[in-house]
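Colleague: Hi! I am new to reading protein models. Could you walk me through one, feature by feature?

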Amino acid sequence: MTIANNKVVTIDYTVKDEQGQVMDSSEGGAPLVYLHGFQNVIPGLEKALEGKNTGDSVTADVPPSEAYGEYQEQAVQQVPAAAFEGVDDIQPGMAFTAQTEQGPVNIVVTAVEGDTVTVDGNHPLAGKTLTFEVTIKDVRDATAEEIEHGHVHGEG
Ligand code: ZN
């Protein structure tokens, strides 16, 4: 079956950055199952898989604009340590969810100097051109309910 809107697609995938470092992979875990045409996966991946068939292998280079966006300098901010209520020992690498006017944003602490904490609200893959290596395992019609909900329902 051919991948198009309203199809449920099952893929094995590996994602690499420009340096060839593996960022994410379904290897050793469950394949990814998604509903095509509903932005369940990044736009560049949907575009690369459109029109492909069960059994096909696809390699696609996806620029940041069609993946996780450009790296935004303004998403890097310095905040007072006091803003981290209930956290005694703030360390680089710690991840938090910040409530902002635009809704919840995942942030990572990148530096701590005295009472000043630098946080980065960019997606970890922002600014990266990603290479997807995909094998299409299965394509099926979505159910009416899945299309209505905009996501895949589990088996059974
Ligand atoms: Zn549902």
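Modeller: Gladly! Let us begin with the word "pocket": on a grid over the protein atoms, a pocket is an open set of points with protein on both sides within 12 Å along at least five of seven lines. Please keep in mind that this is a predicted model.

Colleague: How does one look for empty space in general, and how much space lies in the largest pocket here?

Modeller: Rolling a probe the size of a water molecule over the atoms shows where empty space is left. In this structure, the largest pocket holds about 400 Å³ of space. Its lining has 18 residues, and the closest to the pocket centre are Gln77, Ala98, Thr100, Ile107 and Val119.

Colleague: Which elements give two or more residues to that lining?

Modeller: Those are strand 5 (76-80), strand 6 (95-100) and strand 7 (103-113). Strand 6 gives the most, with 5 residues. By residue type, the lining divides into 10 nonpolar, 7 polar and 1 charged.

Colleague: What is the volume of the second largest pocket, and which residues line it?

Modeller: The second largest pocket has a volume of about 180 Å³. Among the residues that line it are Tyr13, Val15, Asp24, Asn40, Tyr68 and Phe132. This lining divides into 9 nonpolar residues, 1 polar and 1 charged.

Colleague: Now to strands. What holds the strands of a sheet together?

Modeller: Strands of a sheet pair through backbone hydrogen bonds, either parallel or antiparallel. One example here is an open sheet of 4 strands in the order 5-8-7-6, with antiparallel pairing. Strand 5 and strand 6 are at the edges, each with a single partner strand, so each has one side without a neighbour in the sheet. On average, neighbouring strands of this sheet are turned by 45° against each other, direction ignored.

Colleague: How many bridges join strand 5 to strand 8, and how many join strand 6 to strand 7?

Modeller: Strand 5 and strand 8 (residues 116-120) run antiparallel and are joined by 5 bridges. To find this pairing in the model, look for Val76, which stands opposite Asp120 in strand 8. Strand 6 and strand 7 also run antiparallel, joined by 6 bridges. There, Ala95 has Val108 in strand 7 as its bridge partner. A hairpin of 2 residues joins strand 6 to strand 7.

Colleague: Which strands pair with strand 9?

Modeller: Strand 1 (residues 7-16) pairs with strand 9 (residues 130-141) in the antiparallel sense, over 10 bridges. In that pairing, Tyr13 has Val134 as its bridge partner. You have met Tyr13 already, in the lining of the second largest pocket. Strand 4 (residues 57-62) also runs antiparallel to strand 9, and 6 bridges join them. Thr59 and Glu133 are bridge partners there.

Colleague: What is the usual sign of phi, and which residue here has a positive phi of about 70°?

Modeller: Most residues other than glycine have a negative phi. In this model, Asn6 has a positive phi of about 70° although it is not a glycine. Asn6 is found in the segment before strand 1. Gln39 is another non-glycine residue with a positive phi, of about 55°. Gln39 lies in the loop between strand 3 (32-35) and helix 1 (43-49).

Colleague: Are Asn6 and Gln39 buried or exposed?

Modeller: The cut-offs help here: buried means under 20% relative accessible area, exposed means over 50%, and partly exposed is in between. Asn6 has 32% relative accessibility, so Asn6 counts as partly exposed. Gln39, at 68%, counts as exposed. For contrast, Ile90 has 10% and therefore counts as buried. Ile90 is in the loop between strand 5 and strand 6. The C-alpha atoms of Ile90 and Ala111 are separated by 9.2 Å, and these residues are 21 apart along the chain.

Colleague: One last feature, the metal. Which residues coordinate the zinc ion?

Modeller: The zinc ion is coordinated by His149 (ND1), His151 (NE2) and His153 (NE2), at 1.9 to 2.1 Å. The spacing of these donor residues in sequence is H-x1-H-x1-H. With the same cut-offs, His151 is partly exposed at 37% relative accessible area. His153, at 24%, also counts as partly exposed.

Note on methods: Residues numbered from 1 in each chain as written. Predicted model: local features only at pLDDT ≥ 70, side-chain atom pairs only at ≥ 80, totals over all residues. Heavy atoms only, no water. 1 Å grid on protein atoms, 1.4 Å probe; cavity = no way out; pocket = protein on both sides within 12 Å on 5 of 7 lines; lining within 4 Å. Points joined across faces, edges and corners; volume = space filled by probe spheres on them. Nonpolar A, V, L, I, M, F, W, Y, C, P; charged D, E, K, R; others polar. Donors = N, O, S within 2.8 Å, 3.2 Å for Na, K, Ca; no water. Buried < 20%, exposed > 50% of the residue type's maximum accessible area, 1.4 Å probe, protein only. Pairing = 2+ DSSP bridges. Axes fitted to C-alpha atoms, helices over the stretch in contact; angles between N-to-C directions.
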